[in-house]
Amino acid sequence: MGRRWQDGRGALLVEGGAGAGSVRVPLEIAGSYRARTKGLLGRDSLEGAILLSPANSVHTLRMRMPIDVAYLDRRFVVVSVHTMRAGRIGLPRLRSRHVLEAEAGAMAEWGVKAGVQVTVVEG
């Protein structure tokens with residue numbers, strides 16, 4: 001059984017992200033059912049990213065903006081990254097245990113792509 005994340009804030013570290021070093025991104029953690037259900041609904045923008053855990057799929061129904069979605073396995077290795085327009089339903093990813101969401105285009109800037117290791121730092 002994996003770790004249960006608590007709602008809160010932290011940082012996302014992308015190893016070998018944009019450039020040779022690592023990138024540090026502000027992160028919201030949505031570990032409770034209520035926080036995961038709300039996600040980015042009702043927001044016009046997001047500073048950084050939001051981690052939904054546990055999760056293996058998302059939707060953009062009633063969202064106001066397109067988003068980048070990164071599916072992560074249990075070791076926080078990126079399985080796949082997709083950009084979703086508002087009003088879409090994403091298919092579940094079988095190996096995914098966590099989902100990262102950010103404004104469309106942000107993940108490419110941070111270097112988040114399939115096979116990249118990311119680290120979540122709480123606090």
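How many bridges join strand β3 (residues 49–52) to β6? Keep that in mind for Exercise 1, after two words on the ground rules. The model is predicted, so please note that local features need pLDDT of at least 70, side-chain atom pairs count only at pLDDT 80 or more, and totals for chains, interfaces and linings use all residues. Residues are numbered from 1 along each chain as its sequence is written, and side-chain values use heavy atoms, with hydrogens and water left out.

**Exercise 1. Find the partners of β6, then place β6 in the sheet.**

Step 1. Settle the terms. Strands are DSSP runs of E with at least two residues, and helices are runs of H or I with at least four, both numbered from the N terminus. Two strands pair if DSSP finds at least two bridges between them.

Step 2. Take the β3 side. Four bridges join β3 to β6, and the two strands run antiparallel. Within this pairing, L51 stands opposite L100 of β6.

Step 3. Take the β4 side. Here β4 (residues 67–72) is joined to β6 by six bridges, again antiparallel, and Y71 stands opposite V99 in β6.

Step 4. Widen the view. The open sheet has seven strands in the order β5-β4-β6-β3-β2-β1-β7, with mixed pairing. At the edges stand β5 (78–84) and β7 (118–122); each has a single partner strand, so one side of each is left without a neighbour in the sheet. From one strand to the next, the twist averages 30 degrees (axes are lines fitted to C-alpha atoms, for helices over the stretch in contact, and angles between N-to-C directions run from 0 to 180 degrees).

**Exercise 2. Describe the surroundings of H98 in β6.**

Step 1. Check the cover. H98 lies in strand β6 (residues 98–103) and is buried, with a relative accessible area of 8%. Buried means under 20% relative accessible area, exposed over 50%, and partly exposed in between, using a 1.4 Å probe and protein chains only. The strand is mostly covered, as five of the six residues of β6 are buried.

Step 2. List the neighbours. Not counting residues up to four places away in sequence, H98 touches several residues, including W5, L51, S53, Y71, D73 and F76 (contact means heavy atoms within 4.5 Å).

Step 3. Look for a polar partner. The side chains of H98 and S53 are joined by a polar contact of 2.7 Å. Such a contact is a pair of N or O atoms within 3.5 Å; within protein, one must be able to donate a hydrogen and the other to accept it, and residues adjacent in sequence count only if both atoms are side-chain atoms.

**Exercise 3. Which backbone features stand out at P54, R62 and F76?**

Step 1. Recall the background. Most residues other than glycine have a negative phi, and most peptide bonds are trans.

Step 2. Start at P54, in the loop between β3 and β4. The peptide bond from S53 to P54 is cis, with omega near -5 degrees.

Step 3. Move to R62, which is found in the loop between β3 and β4. R62 has a positive phi of about 65 degrees without being a glycine, and at 69% relative accessibility it counts as exposed.

Step 4. Finish with F76, in the loop between β4 and β5. Phi of F76 is positive, near 65 degrees, but F76 counts as buried at 12% relative accessibility.

**Exercise 4. Find the salt bridge and say what it ties together.**

Step 1. Apply the rule: a side-chain nitrogen of Lys or Arg within 4 Å of a carboxyl oxygen of Asp or Glu. The count comes to one salt bridge.

Step 2. Name the pair. R9 bonds with E28 in this salt bridge, the closest N and O atoms being 3.8 Å apart. R9 lies in β1 and E28 in β2, so the pair ties together parts that are 19 residues apart in sequence.

Step 3. Compare the ends. R9 counts as exposed at 58%, whereas E28 is buried at 16%.

Step 4. Add the backbone. Strands β1 (residues 8–14) and β2 (residues 23–30) pair in the antiparallel sense over seven bridges, with V25 in β2 the bridge partner of L12.

**Exercise 5. Which residues touch the most other members of the largest nonpolar core?**

Step 1. Define the core: a set of buried Ala, Val, Leu, Ile, Met, Phe, Trp, Tyr and Cys residues joined through side-chain atoms within 4.5 Å.

Step 2. Name the residues. Of the 22 in this core, L100 and W110 touch the most other members.

Step 3. Trace the suppliers. At least two residues each come from β1, β2, β3, β4, β6, α2 (106–110) and β7, and β2 gives the most, with four residues.

Step 4. Look beyond. Apart from this core lies another, of 15 residues, among them L40, L52, V69 and M84.
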